[in-house]
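User: I have a model open on my screen and would like to talk through how its sheet and core fit together. Could you walk me through it?

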Amino acid sequence: MEENNFLCNTCKLEIETDSDFCPRCGTIFIEEVKCEDHPENEAEGVCVICTKPCCRNCGYAGKDVFLCNEHENIETYQGLAKVYGTFDEIQVQFIKQCLEEKGLHPFIFSKKSTALHLGGIDHALITSAIKPGKNDVMNEIKLLTPFSELMNAMEIISELEL
Ligand SMILES: [Zn+2]
Ligand SMILES: [Zn+2]
Ligand SMILES: [Zn+2]
């Protein structure tokens, strides 16, 4: 740990001394931060996706992270956010590659990760994942990026016109 760095009291991430907020959970460390949309209100947190300071009307401190109303539905996993979800392993690999070419750091997260990590695609597992059913979302292959790259990644993906 660098001298003068401190730990975020909410998520325990190591924070550099001159940081105003925690990039992982959105906790604000300095006093008197105002909501970007309501300058009369004190900001309760910073959206981890767009870094906008929000009052309690504009954002929400969820289980792990603070998100603004615009980004409240984004799924987050320990510092990573879901940018894309699909059942198509080929497609997710393609998008990952496109993002990497732009200098981003995407990760693939899948409940079937054992099969995927072994290199080959287990067709039985993938086929069962495609069948419509209540477990659809469970079996979704998710493409994740660090919070700070999510907006950039979304833009790149929208330009891919999938
Ligand atoms: Zn934190
Ligand atoms: Zn936001
Ligand atoms: Zn506000």
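**The sheet and the core**

Analyst: Happy to! This is a predicted model. A good place to begin is an open sheet of four strands with antiparallel pairing, in the order β7-β8-β10-β9.

User: Which are the edge strands of that sheet?

Analyst: Read the strand order β7-β8-β10-β9 from end to end. An edge strand here pairs on one side only. That description fits β7 (76–77) and β9 (107–109).

User: Over how many bridges do β8 and β10 pair?

Analyst: Let's go through the pairings in turn. β7 and β8 are joined in the antiparallel sense by two bridges, while β9 and β10 are joined in that sense by three. For β8 and β10, also antiparallel, the number is six bridges.

User: Which residue in β10 is the bridge partner of Leu-80?

Analyst: Leu-80 is a handy residue to follow across the sheet. Toward β7, Leu-80 of β8 is the bridge partner of Tyr-77. Toward β10, its bridge partner is Pro-146.

User: Which residue takes a positive phi in the hairpin of β7 and β8?

Analyst: This hairpin has two residues between its strands. The positive phi, near 45 degrees, belongs to Gln-78.

User: Which residue in β10 does Ile-108 stand opposite?

Analyst: Here we move to the other edge strand, β9 (107–109), which pairs with β10 over three bridges. Opposite Ile-108 in β10 stands Leu-143.

User: About what angle does the direction of α5 make with that of β8?

Analyst: Two helices are worth turning to here. α1 packs on the sheet, touching β8, β9 and β10, and its direction makes about 15 degrees with that of β10. α5 also packs on the sheet, touching β8 and β10. Its direction and that of β8 make an angle of about 20 degrees.

User: Which element gives the largest share of the largest nonpolar core?

Analyst: That core has 29 residues, and Val-83 is among those with the most contacts inside it. Elements giving two or more residues are β6 (66–68), β8 (80–86), α1 (89–101), β10 (141–146) and α5 (150–160). At least three residues come from each of domain 1 (1–70) and domain 2 (76–159). The largest share, four residues, comes from β8.

User: Which residues does Val-83 touch, leaving out those up to four places away in sequence?

Analyst: Nonpolar side chains tend to be buried together in soluble globular proteins. Val-83 is one of the residues with the most contacts inside the core. Beyond its sequence neighbors, Val-83 touches Leu-143, Leu-144, Thr-145, Leu-150, Ala-153, Met-154 and Ile-157.

Definitions and conventions:
Residues numbered from 1 in each chain as written. Chains lettered and ligands numbered in written order. Predicted model: local features only at pLDDT ≥ 70, side-chain atom pairs only at ≥ 80, totals over all residues. Core = buried A, V, L, I, M, F, W, Y, C linked by C-beta atoms within 7 Å. Buried ≥ 20, exposed ≤ 12 C-beta atoms within 10 Å, placed from the backbone. Domains from an automatic or database assignment. Contact = placed C-beta atoms within 7 Å. Pairing = 2+ DSSP bridges. Axes fitted to C-alpha atoms, helices over the stretch in contact; angles between N-to-C directions.
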